[in-house]
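Work through the following exercises with the sequence and the model side by side, trying each task before reading its solution.

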Amino acid sequence: MFNGEEALDIGSAILASQAQDNFLTTLAVELITLDGEDENATASIPSFIRAEEKAVKAIQKHSLKINDIQYNRQIDDAYLLLGKARYFDRRFFPALEAFNFLLESPTNRNSYVEGKIWREKTNIRLRNEELAIENLRPLARSIFPSNKFYSLANATLAESFLNLKQLDSASFYIKRAALEAPKRKNKARYLFITGQLFESLGKRDSAEWAFKEIIALKRKAPKKFLLQAKIKKTLLDTLNTLTDRVSFLQKILKNYENQTFEHFVNRAIGNLYLKQKEDSLALVYFDRSIDSPYLDPYTQIENNKDLADYHFKEGNYFISGNYLDKLLPLFDETSLAFKKIKRKRENLSGVIFYEQNIKKTDSIIYLMTLILELLFNTQMQKVK
């Protein structure tokens, strides 16, 4: 069991360090894939396989089940380990089997509560959100905030509602999870999602409160959440002037500790200028964001989308088409997003073709007008 739990911790640490969050959309409550991985395929982290093997070995060698009663209390932990290992390896049906087996004959209350929460987490991954809510909501409302599983139960419920696009319920439960989260990294994540959901619901003051709570954690919060919270709070701030908000973000840029996040900050400054109709300055900062050596794929995609839309509205169809061309290689050719952008680009090609023909025709007409004026002036001089 010790070796299995160590393997699970190592796998979880690898996942936490290499998985990439998309801060431009509502964050996932829990990340279980590395960047670019398919969620429907098994994980590429061997530690989870090792954890599963150790859990199976513990059950096979040390189970003391007599007359349907388990006398070895550590077997509950072994089934929990087995289910978690399979869950993170993205083999959800086998994980569900392990959790169900645990819940059939638990030897202690804690194992039952934790097993039930993880079973519903697995149901969510299997797209059974309604079932997860039905099974978990009574539990989440019955346990006290002091219970160590309180935050996990509420976060799991929030994930169910989030998948169902029920943002009000999701914001209610994720806030409960955030307030009592024992780990600072989870607290920061849950608070950030809380702020994003309140912002989506138009509750600006509540959203600012959530981002301020992350900022109050200071260095206890992961750097990426702390910086993103500062950006979000600045974008939501309506009390300070544009100059003050831009100065605050530029101050963040000057701090060498924030160098790896410069593309986020430059994009935020660009958005501030764009909202104030200072287009030339906005484009400068969007270009700086795109040119950053630390640019992540999500920001790259959103920057190119925003610039393509901006130039399209301005009637610069050729430039807009160039940004769409840059977008296409960033998507899988079989994805829906790729097909939509490709169709948009093809439609734009027709507009560009007609626009170029119009410009060519206008140029010819203008040239002919000059020639006719020249001939007319020449004839007039001869008459004189």
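**Exercise 1: a salt-bridge network**

The side chains of Glu-30 and Lys-121 form a salt bridge, with N and O 3.1 Å apart, a salt bridge being a side-chain nitrogen of Lys or Arg within 4 Å of a carboxyl oxygen of Asp or Glu. The model is a predicted one, in which local features need pLDDT of at least 70 and side-chain atom pairs count only at pLDDT 80 or more, while totals for chains, interfaces and linings use all residues. Residues are numbered from 1 along each chain as its sequence is written, and side-chain values use heavy atoms, with hydrogens and water left out.

Task: Determine which parts of the chain the salt bridge between Glu-30 and Lys-121 ties together.

Solution. Step 1: Glu-30 lies in the loop between α1 and α2, whereas Lys-121 belongs to helix α5 (residues 109–125), so the pair ties together parts that are 91 residues apart in sequence. Helices here are DSSP runs of H or I with at least four residues, numbered from the N terminus.

Step 2: Glu-30, at a relative accessible area of 17%, is buried, and Lys-121, at 4%, is buried too; buried means under 20% relative accessible area, exposed over 50%, and partly exposed in between (1.4 Å probe, protein chains only).

Step 3: Glu-30 also forms a salt bridge with Arg-125, where the closest N and O atoms are 3.4 Å apart. Since Arg-125 lies in helix α5, this pair ties together parts that are 95 residues apart in sequence.

**Exercise 2: from α3–α4 loop to α2**

Task: Locate the two partners of the salt bridge between Arg-91 and Glu-52, and state how accessible each is.

Solution. Step 1: The closest N and O atoms of Arg-91 and Glu-52 are 2.2 Å apart. This pair links distant parts of the chain, with Arg-91 in the loop between α3 and α4 (92–104) and Glu-52 in helix α2, 39 residues apart.

Step 2: Arg-91 counts as partly exposed at 23% relative accessibility, whereas Glu-52 counts as buried at 12%.

**Exercise 3: the two faces of α2**

Task: Decide where the buried residues of α2 lie around its axis.

Solution. Step 1: The buried residues of α2 are Ser-47, Phe-48, Ala-51, Glu-52, Ala-55, Ala-58 and Ile-59. They cover an arc of only 145° around the axis (taken from the directions from the helix axis to the C-beta atoms), which puts them on the same side of α2.

Step 2: The face turned away from that side carries the exposed residues Pro-46, Glu-53, Gln-60 and Lys-61.
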